[in-house]
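Subject: Structure handover

Hello,

Here is the structure I promised to pass on. Please open it and keep it beside this email while you read.

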Amino acid sequence: MPTAAQRIIDKIREKPDAVIGLATGSTSEPLYAALVNAYNESQNTATPLDFSNVRFFTLDEYVGLSKEHAQSYHRYLHERLFNHINARPENIRIPDGNPADMAQECRDYEAAIKRAGGVDIWIVGIGENGHIGFNEPGSAFTGETRKVKLTESTRQANRRFFDHDISKVPTHAVSVGLGTLRQHAREILLLASGQKKSEAVAAMLDEKVDQHVPATMLSTVRDRVHVFADEAALATYHARQQAGRGVAAGL
Ligand code: F6R
């Protein structure tokens, strides 16, 4: 199976003005490093990779952090990807975490995705609690871009980025909705790494749709989803499969 980075590169070569959706977080970092590497290595070849017409949307942003804040997703994406490729600033949309009018910002973001004709490939990560973007447990599968309250478990999981000080972790974010992804993402690449994601990944692969595990929404658009998970993230799923086979065999 090609890597997630290769899937994006293939898409951009096939469609130079592709629309790509991005996630942030630790899991996506190797993907961005691989894209930057491929971009650099291709520059002295006959077919240099060209991001100048690629349009980007991102999943979410913290509310209350400035764009320059070390942990803003604006900064994350520029430092890890946009500053190192020839993406054009006018082609990059990141939700504004401090807009004058949040409702308007969210409507504009949805409208921009529609105007772009939807998203060809959207990269998403998964939270320990099964969130996708910042759609926390209980989020409607029809939800659109909106301001959301972060759960305590997400704030605790992200404390590591804020000097381990929970009081520094924002309480709210702006996030595209599960409905945005369902409606507008033609392909979704879910990245999962590490044992901490194992329960959420197992629930997602279990095929039972449960609003309290947002990632199970992906079962409803299964034919558009590709999962890129390491062994640790798949451990619970594999253990349950083996146990299931034992029962089926009457063991
Ligand atoms: C980030 C995002 C989140 C993360 C998820 C996993 O844009 O939307 O859903 O993808 O919390 O984060 P990491 O990869 O840091 O474990």
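Which residues are buried in helix H1 (residues 4–14)? They are Ala4, Ala5, Ile8, Ile9, Lys11 and Ile12. One caution before going on: this is a predicted model.

**Helix H1**

The buried residues of H1 cover an arc of only 160 degrees around the axis, which puts them on the same side of the helix. What lies over them? The cover includes S1, H2, S5, strand S8 (188–192) and strand S9 (225–229).

**Helix H3**

Turn next to helix H3, which spans residues 73–80. Its buried residues are Tyr73, Tyr76, Leu77 and His78. They pack against strand S1 (19–22), helix H2 (29–42), S2, strand S3 (60–62), S4 and H5.

**Helix H4**

Helix H4 runs over residues 102–115 and has 14 residues. From its first C-alpha to its last it reaches 20 Å. That is close to the 20 Å expected at 1.5 Å a residue.

Which residues of H4 are buried? The list is Met102, Glu105, Cys106, Tyr109, Glu110, Ala112 and Ile113. Seen down the axis of H4, these residues fall within an arc of 160 degrees, so they line one face of the helix. Their cover includes five strands you can pick out one by one, and a helix:

- strand S2 (55–58)
- strand S4 (92–93)
- strand S5 (121–124)
- strand S6 (146–149)
- strand S7 (172–175)
- helix H6 (178–184)

Now look at the two ends. At the start of H4, a side-chain oxygen of Asp101 comes to within 3.2 Å of the backbone nitrogen of Ala103. Just after H4, Gly117 has a positive phi of about 85 degrees.

**Helix H5 and the loop after it**

Asn158 belongs to helix H5 (residues 152–158). Is Asn158 buried or exposed? Its relative accessible area is 12%. The cut-off for buried is under 20%, so Asn158 is buried. Leaving out residues up to four places away in sequence, Asn158 touches Tyr62, Tyr73 and Phe134.

The loop between H5 and S7 holds Asp163. His164 sits in the loop between H5 and S7 too. Asp163 has a phi near 55 degrees, a positive value in a residue other than glycine. For His164, phi is positive at about 60 degrees, and His164 is not a glycine either. Asp163 counts as exposed, at 57% relative accessibility. His164 counts as exposed at 52%.

**The nonpolar cores**

The largest nonpolar core has 61 residues. Which of them touch the most other members? Phe56 and Trp122 do. Find Phe56 and check its surroundings. Setting aside neighbours within four places in sequence, Phe56 is in contact with Ile20, Leu22, Phe51, Phe82, Ile85, Ala87, Asn91, Ile92 and Arg93. Apart from this core lies another, of nine residues. Among them are Leu65, Phe134, Val148 and Val169.

**The ligand**

How many residues surround the ligand? There are 14. The closest are Thr24, Thr27, Asp60, His131 and Lys197. Three side chains bring an N or O atom to a ligand oxygen atom at these distances:

| Side chain | Distance to a ligand oxygen |
|---|---|
| Thr27 | 2.4 Å |
| His131 | 2.7 Å |
| Arg160 | 3.0 Å |

**Two more loop residues**

Ser52 lies in the loop between H2 and S2. It counts as buried, at 17% relative accessibility. Not counting residues up to four places away in sequence, Ser52 touches Asn86, Arg88 and Asn91.

Glu207 is in the loop between helix H7 (198–205) and S9. At 53% relative accessibility, Glu207 counts as exposed. Which residues does Glu207 contact, leaving aside its neighbours within four places in sequence? They are Ser219 and Arg222. Glu207 and Leu218 are eleven residues apart along the chain, and their C-alpha atoms are separated by 8.9 Å.

Best wishes

Terms used:
Residues are numbered from 1 along each chain as its sequence is written. This is a predicted model: local features need pLDDT of at least 70, side-chain atom pairs count only at pLDDT 80 or more; totals for chains, interfaces and linings use all residues. Side-chain values use heavy atoms; hydrogens and water are left out. Helices (H or I, at least four residues) and strands (E, at least two) are DSSP runs, numbered from the N terminus. The expected span of a helix is 1.5 Å times one less than its number of residues. Buried means under 20% relative accessible area, exposed over 50%, partly exposed in between (1.4 Å probe, protein chains only). The arc is that of the directions from the helix axis to the C-beta atoms. Contact means heavy atoms within 4.5 Å. A polar contact is a pair of N or O atoms within 3.5 Å; within protein, one must be able to donate a hydrogen and the other to accept it, and residues adjacent in sequence count only if both atoms are side-chain atoms. A nonpolar core is a set of buried Ala, Val, Leu, Ile, Met, Phe, Trp, Tyr and Cys residues joined through side-chain atoms within 4.5 Å. A residue is near a molecule or strand if one of its heavy atoms lies within 4 Å of it.
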